[in-house]
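User: I would like to go through this model step by step, with the reasoning spelled out. Please take the questions one at a time.

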Number of protein chains: 2
Amino acid sequence: MLDRQDRIEKALDAALPAPAIAPVRLHTAMRYAVLGGGKRVRPLLAYGAGELACAQTERVDSVAAAVEMIHAYSLVHDDMPAMDDDVLRRGRPTVHVEFDQATALLVGDSLQSLAFQMLSGHQLADDARRQLEMIELLARASGSRGMAGGQAIDLESTAKSLAVPELEFMHIHKTGALIRASVALGARCGTGLSDTQLDQLDHFGKFIGLAFQVVDDVLDADSSTATLGKTAGKDARNNKPTYVSALGLERARELAGELRDNALRALNFLPQEGGHLRQLAEFIVLRKF
Amino acid sequence: MLDRQDRIEKALDAALPAPAIAPVRLHTAMRYAVLGGGKRVRPLLAYGAGELACAQTERVDSVAAAVEMIHAYSLVHDDMPAMDDDVLRRGRPTVHVEFDQATALLVGDSLQSLAFQMLSGHQLADDARRQLEMIELLARASGSRGMAGGQAIDLESTAKSLAVPELEFMHIHKTGALIRASVALGARCGTGLSDTQLDQLDHFGKFIGLAFQVVDDVLDADSSTATLGKTAGKDARNNKPTYVSALGLERARELAGELRDNALRALNFLPQEGGHLRQLAEFIVLRKF
């Protein structure tokens, strides 16, 4: 997986405008937001899915950069005082702290535009109509009925006690939609998978997206700020409903394992039994940050 | 032009998620932001350009809705306390005042996603590759080297005295990029124009975008809040460099007329001598709000 980590860093670096290009402060802040580390889970999922579909890796580079840009923009906006009001991200000051709020707003806005520029300005598929479908898929996954909608549900839920089905609904949007899209887009860079296999891969994406969020909730409750590189214990402090508040720490941990098992079962129907996606599923559940 | 005003309102209404769809507050706020009036200059430019290129009007509907969504998102974010901190827009409270800041942030983010969904989820051109180019064009016009970049330059310029060439650079990005894109995208919904004609149309888009901003500066300095439907005198209060501060009111008015004349000259090379675009150019310079 190391060479893919390397690929995505290079792809992001190449896609982001150089800091010397005007407006300098905005471009410097965009690079700060995106190139500051991060696990790159979404790009790695795209590469893993692309491999199963026999995609050209150069095509997956563009998809991987685009989904990471959407993710990074959502973190920048989410950390702002109007939302989660957080000062620490990936072990460093958040963008609005390091720069200012207006710049953070524009960084997020510009990263979203750049994500769609990546998907439209490079060839991702042999068939241009398929590429249009891919762009629509990312737009839907990012918007008010996907990731941004999940954030809105999250805001409405503060200080409420949610049942597990409601929590699931929130997270399927907030975190799940983009993770699922990362898998789907990676796979669509190639033509090696049948429609049935794409469906199985989509099951994988759904389960692993939910597992990711359950683990996030567990880590927030159970880790130190130093280990996470972002403020720990934030959910409880902000009175946010989580899998830990709904189920308790032990049961939430078990649930993460069950979701991973479901994800892995979906991979059994795929070439190489899912290849790198299998390792990624383990990483997502066993990670410590 | 009235039937086009009607078309764009219907297209926007149909494209925005119904308020009953979850998350309700977000969707209600998105509709509030977009459907609250507005001159619809960018959609009208798209229809005017589409007509010259013999485009199917249904195709231009999607483009017109997309550019208006990008414009509306930029207004919502621009009005937030971190940016211009304004409370009035189109004669009503701004989105963060009527709802809250977190919702305003997500409204803007979701409208940008929806704009790209419009351009990818509907057929805009016979050739899907051409449609990909159109999406890339809007992504570039919206991002850090287009509209959002112009906002960043604007922020950096507060309390500075800019010479006219620097002002022009700022506005070519901040307002000009999206207006120019509206013309270019409308024209690309059809195939009726030669490359030379598309170039002439692009000249028109550049001149009319700049004229629009010069008139905006004049109106801000010279009109009442009641007439504008947004806070008047804001530029002087915020110590922003404008064409009025750089040139004086009279010379700024003359400049707007000269830019319009240049725009009209570019139309001479086009079918119907530019058709509705000619009227629109007059409206942009003579408007009172």
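The questions below go from the single chain to the pairing of the two copies.

Analyst: This is a predicted model, in which local features need pLDDT of at least 70 and side-chain atom pairs count only at pLDDT 80 or more, while totals for chains, interfaces and linings use all residues. Residues are numbered from 1 along each chain as its sequence is written, and chains are lettered from A and ligands numbered from 1 in the order in which they are written.

User: What is the radius of gyration of chain A, set against that of a compact globule?

Analyst: The radius is taken over C-alpha atoms, and the globule rule is 2.2 Å times the number of residues to the power 0.38. For 289 residues a compact globule would have a value near 19 Å, and chain A agrees with this at 18 Å.

User: How many of the 22 residues of H4(A) are buried?

Analyst: Helices are DSSP runs of H or I with at least four residues, numbered from the N terminus. Helix H4 of chain A covers residues 57-78 and reaches 31 Å from its first C-alpha to its last, close to the 32 Å expected at 1.5 Å a residue, where the expected span is 1.5 Å times one less than the number of residues. A residue is buried if 20 or more other C-beta atoms, placed from the backbone, lie within 10 Å of its own. H4(A) is largely enclosed by the rest of the structure, because the number of its residues that are buried is 20.

User: Which helix gives the most to the side of chain A that touches chain B?

Analyst: Two residues are in contact if their C-beta atoms, placed from the backbone, lie within 7 Å, and 42 residues of chain A are in contact with 42 residues of chain B. Helices H2 (24-34), H6 (101-121), H7 (128-142) and H8 (147-157) of chain A each supply at least two residues of that side. The one that gives the most, with 13 residues, is H6(A).

User: Which residue of chain A has the C-alpha nearest the axis that relates the two copies?

Analyst: Superposed by least squares on the C-alpha atoms of residues with pLDDT of at least 70 in both copies, chain A falls on chain B after a rotation of 180 degrees with 0.0 Å of shift along the axis, at an RMSD of 0.0 Å. The two copies are therefore related as by a two-fold rotation axis. In chain A, the C-alpha nearest that axis lies 2.7 Å from it and belongs to Ala128(A).

Conventions:
Buried ≥ 20, exposed ≤ 12 C-beta atoms within 10 Å, placed from the backbone.
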